[in-house]
Amino acid sequence: MSADNSCSDILLPLRNLCNSVKCIRDRVKDGESSECSSEFNMSTFWNTLIQSVKATSQEATKLSLAFSKPPLPSSQDAEKMADSIQQAVLALSTVYYWLPKTQGIVLRRVVRDATADVLEGMVQLLDIILNSPLQSLSQEQLMSTGGVWASCDRFEQLPRDNRAAVLGVLSSYQGVVKDAIEEMEQAQAENQDPFADLLDDEDLDERGNRDTYWSEGDRQLMAPCQGLMKASSACLKKLSSAVRGNGKVDTPDNVAQLDDLADITHDISPSVDDLALSLYPPMDHTAVELNASKLAAVLKKVLEIIRATHVCTESDLTWVQFLDGAVDHNLQKARRAAEGSD
């Protein structure tokens, strides 16, 4: 048998495996979970999932080592290796499907994405081995193997229930809003003219150009808009505290309420971003008022949903009502400032 034929025999199982893993990955991304079962046990699910992930990580290590130095595995060994890897990734995807939607849409999305990342990493590793010179360990192969390990290790840090998953989502939203607020405050603090460092000395003498600085009318409109942005941050912070202290995953209804909170708060950070961007000069006051109204509507809806969930206790109603009033107050101030500038 020629060397070319021998290499072809060795790589054929890997090519077939690569195609199979791609199909499994795509099904995980698009597929549905199992129907709700009274026999589902969260502890058993996580223990089995972690074991499946570890097995997949070990298979990636074996694969990379087998094709990193001579001698190459025989065609029979390559076939056995491909079968073993396929069993591992099938087991991983199967365990993921155990997780029913009734345990939380947010939680399931987190586990789905983590599972898909492992499968994508395995596809990339196989592609690199198939398209690199055999019997040599390339930097790409090392990095790809490490990528699979990292994706597998990530499972140890995943949230174990929907309450923890929703807290993670709220934290990410809060980070985006915080960044938008800090960037706007920094732009204000740096100079009366936020673009002064971009202009020549001659241009700096022309202070009448509203394209490059905030007028007094702009600043009057900015204050209540920043108030709305800060109300957004406060809402996410207070809600996170309420979910952490009061959130429950003991019934499907409570789990679904947590999903609702993650879903409705999703619109806060992009609405804050839209408002923040419209505040930079040259400021279109009509656009700013529109974006302020959109953010206020989002916040009012979020506060309405919070009131209706189990995370809002009687003591939480105080901050919910306070923020609701703050949103109304700042929106009215923004509208008056926008109208006064017309």
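1. A residue is called buried here when its relative accessible area is under 20%, and Glu59 in this predicted model falls into that class because its relative accessibility is 9%. Glu59 belongs to helix α2, which covers residues 42–66, and, once neighbours within four places in sequence are set aside, Glu59 is in contact with Ser84, Ile85 and Ala88.

2. A second buried position worth noting is Ile181, which sits in helix α6 and has a relative accessible area of 12%. If residues up to four places away in sequence are not counted, Ile181 touches Met229, Lys230 and Ser233. For one of these partners, Met229, the C-alpha atom is separated from that of Ile181 by 6.8 Å, although the two residues are 48 residues apart along the chain.

3. Helix α6 also contributes to the surface, where Asp179, Glu182, Glu183, Asp273 and Asp274 form a negative patch. Two helices, α6 (162–190) and α10 (268–279), each provide at least two residues of this patch, and the largest share, three residues, is supplied by α6.

4. Among the patch residues, Asp274 deserves a separate remark: Asp274 is placed in helix α10 and, with a relative accessibility of 43%, is classed as partly exposed, since that class lies between the buried limit of under 20% and the exposed limit of over 50%. Helix α6 thus holds the buried Ile181 and also gives three residues to the negative patch.

Definitions and conventions
Residues are numbered from 1 along each chain as its sequence is written. This is a predicted model: local features need pLDDT of at least 70, side-chain atom pairs count only at pLDDT 80 or more; totals for chains, interfaces and linings use all residues. Side-chain values use heavy atoms; hydrogens and water are left out. Patches are made of residues with over 30% relative accessible area and no salt bridge: like charges are joined within 9 Å, nonpolar side chains (Val, Leu, Ile, Met, Phe, Trp, Tyr) within 5 Å. Accessible areas come from the Shrake-Rupley method with a 1.4 Å probe; for residues, only the protein chains shown count as cover. A salt bridge is a side-chain nitrogen of Lys or Arg within 4 Å of a carboxyl oxygen of Asp or Glu. Lys and Arg count as positive and Asp and Glu as negative; His and the chain ends are not counted. The place of a charge is taken as NZ of Lys, CZ of Arg, CG of Asp or CD of Glu. Helices (H or I, at least four residues) and strands (E, at least two) are DSSP runs, numbered from the N terminus. Buried means under 20% relative accessible area, exposed over 50%, partly exposed in between (1.4 Å probe, protein chains only). Contact means heavy atoms within 4.5 Å.
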